Amino acid sequence: MPKVHVFDHPLIQHKLTHIRDVNTGTKEFRELVDEVATLMAYEITRELPLMEVEVETPVKKANSKVLAGKKLGIIPILRAGIGMVDGILNLIPAARVGHIGLYRDPATLQPVEYYVKLPSDVSERELILVDPMLATGGSAIEAVNSLKKRGAKNIRFMCLIAAPEGVQAMTEAHPDVDIYIAALDEKLDEKGYIVPGLGDAGDRLFGTK
């Protein structure tokens with residue numbers, strides 16, 4: 001079964017409180033999401049493998065550690081996932097970035113893929129799929145389906161806020177995908193919004209209604 005990691009780091013929780021606040025404007029909201037994504041990326045990469053190399057310091061030669069050639073990819077789910085990408089790239093600037101676009105079919109209410117652009121070597125990369133919200137889980141599940149259809153083998157999902165219903169749906173659909181969350185909220189309401197949540201992440205990031 002996948003591991004579900006809920007981060008309790010004080011800085012993440014502090015910034016998340018301001019992200020939730022209805023009085024936080026678009027500029028500050030965007031900056032806070034960026035900062036929390038950086039902090040979460042620090043945590044999600046904690047177990048990346050290292051290898052020892054020799055370097056020449058100003059004093060003498062020394063054995064030190066670097067990442068062991070693990071290639072990373074960041075895959076935002078459009079559109080709100082874009083708001084988390086720069087924060088992760090601040091920490092991992094060499095990561096490649098792909099995109100997955102999904103919309104909800106008004107008749108079936110199921111997510112439909114409309115755009116996918118991924119690194120050509122997606123099967124060799126450790127992928128971090130990002131979206132600010134995990135509500136029903138439909139979009140995240142379909143995004144993982146899209147990645148797996150194209151050869152991805154190592155996928156993690158990272159979001160700011162999740163509902164228990166979305167976590168359950170995701171773990172049942174993709175038991176090989178670990179989930180990383182800044183906050184696990186109470187429930188979904190009758191419209192499928194996370195309670196207490198933060199509203200519509202895309203609208204708050206981009207200043208739309």
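**View 1. Ile194, a buried residue in a strand.** In this predicted model, Ile194 counts as buried because its relative accessibility is 7%, below the 20% limit for that label. Ile194 sits in strand E13, which covers residues 194-195. Have a look at what surrounds Ile194: beyond its neighbours within four places in sequence, it is in contact with Met133, Leu134, Ala135, Ile161, Ala162, Ala163, Asp185, Lys187 and Leu188.

**View 2. An annotated binding site and the largest pocket.** An unreviewed UniProt entry places the feature "binding site" at Ile194, Gly199, Asp200 and Ala201. In the model, Ile194, Gly199, Asp200 and Ala201 from this set belong to the lining of the largest pocket. Let us pause at Gly199, which lies in the loop between E13 and helix H6 (201-206). Gly199 counts as partly exposed because its relative accessibility is 36%. Not counting residues up to four places away in sequence, Gly199 touches Met133 and Tyr193.

**View 3. Helix H1 and its buried face.** Helix H1 spans residues 10-20, and here Ile12, Lys15, Leu16 and Ile19 are buried. Seen down the axis of H1, the buried residues fall within an arc of 110 degrees, so they line one face of the helix. A little background helps here: an α-helix has 3.6 residues a turn, so residues three or four places apart point the same way. Which exposed residues does the face of H1 turned away from its buried side carry? They are Pro10 and Thr17. What covers the buried residues of H1 includes helix H2 (26-44), strand E10 (154-162), strand E11 (178-184) and H6.

**View 4. A salt bridge inside helix H2.** The structure holds 12 salt bridges, and this view shows the one that Glu31 forms with Lys27. Side chains of opposite charge can pair when their charged atoms come close. Between Glu31 and Lys27, the closest N and O atoms are 2.7 Å apart. Both Glu31 and Lys27 lie in helix H2, four residues apart, about one turn of the helix. Glu31 counts as partly exposed, at 36% relative accessibility, whereas Lys27 is exposed, with a relative accessible area of 60%.

**View 5. A salt bridge between helix H6 and a loop.** Here Asp203 forms a salt bridge with Arg79, and the closest N and O atoms are 2.7 Å apart. Asp203 lies in helix H6 and Arg79 in the loop between strand E4 (72-78) and helix H3 (85-91), so the pair ties together parts that are 124 residues apart in sequence. Are the two partners buried or exposed? Asp203 is buried, with a relative accessible area of 19%, while Arg79 counts as partly exposed at 35% relative accessibility.

**View 6. Buried partners in a network of salt bridges.** The side chains of Arg125 and Asp121 meet in a salt bridge, at 2.8 Å from N to O. Arg125 counts as buried, at 6% relative accessibility, and Asp121 is buried too, with a relative accessible area of 14%. Which residues join Asp121 and Arg125 in one network? Lys71 and Glu124 do, through salt bridges that share partners.

Conventions: Residues are numbered from 1 along each chain as its sequence is written. This is a predicted model: local features need pLDDT of at least 70, side-chain atom pairs count only at pLDDT 80 or more; totals for chains, interfaces and linings use all residues. Side-chain values use heavy atoms; hydrogens and water are left out. UniProt positions are given in the numbering used here, feature names are shortened, and annotations may be inferred rather than shown by experiment. On a 1 Å grid over the protein atoms alone, a cavity is a set of points where a 1.4 Å probe fits but cannot get out, and a pocket is an open set with protein on both sides within 12 Å along at least five of seven lines; lining residues have an atom within 4 Å of a point. Helices (H or I, at least four residues) and strands (E, at least two) are DSSP runs, numbered from the N terminus. Buried means under 20% relative accessible area, exposed over 50%, partly exposed in between (1.4 Å probe, protein chains only). Contact means heavy atoms within 4.5 Å. The arc is that of the directions from the helix axis to the C-beta atoms. A salt bridge is a side-chain nitrogen of Lys or Arg within 4 Å of a carboxyl oxygen of Asp or Glu.
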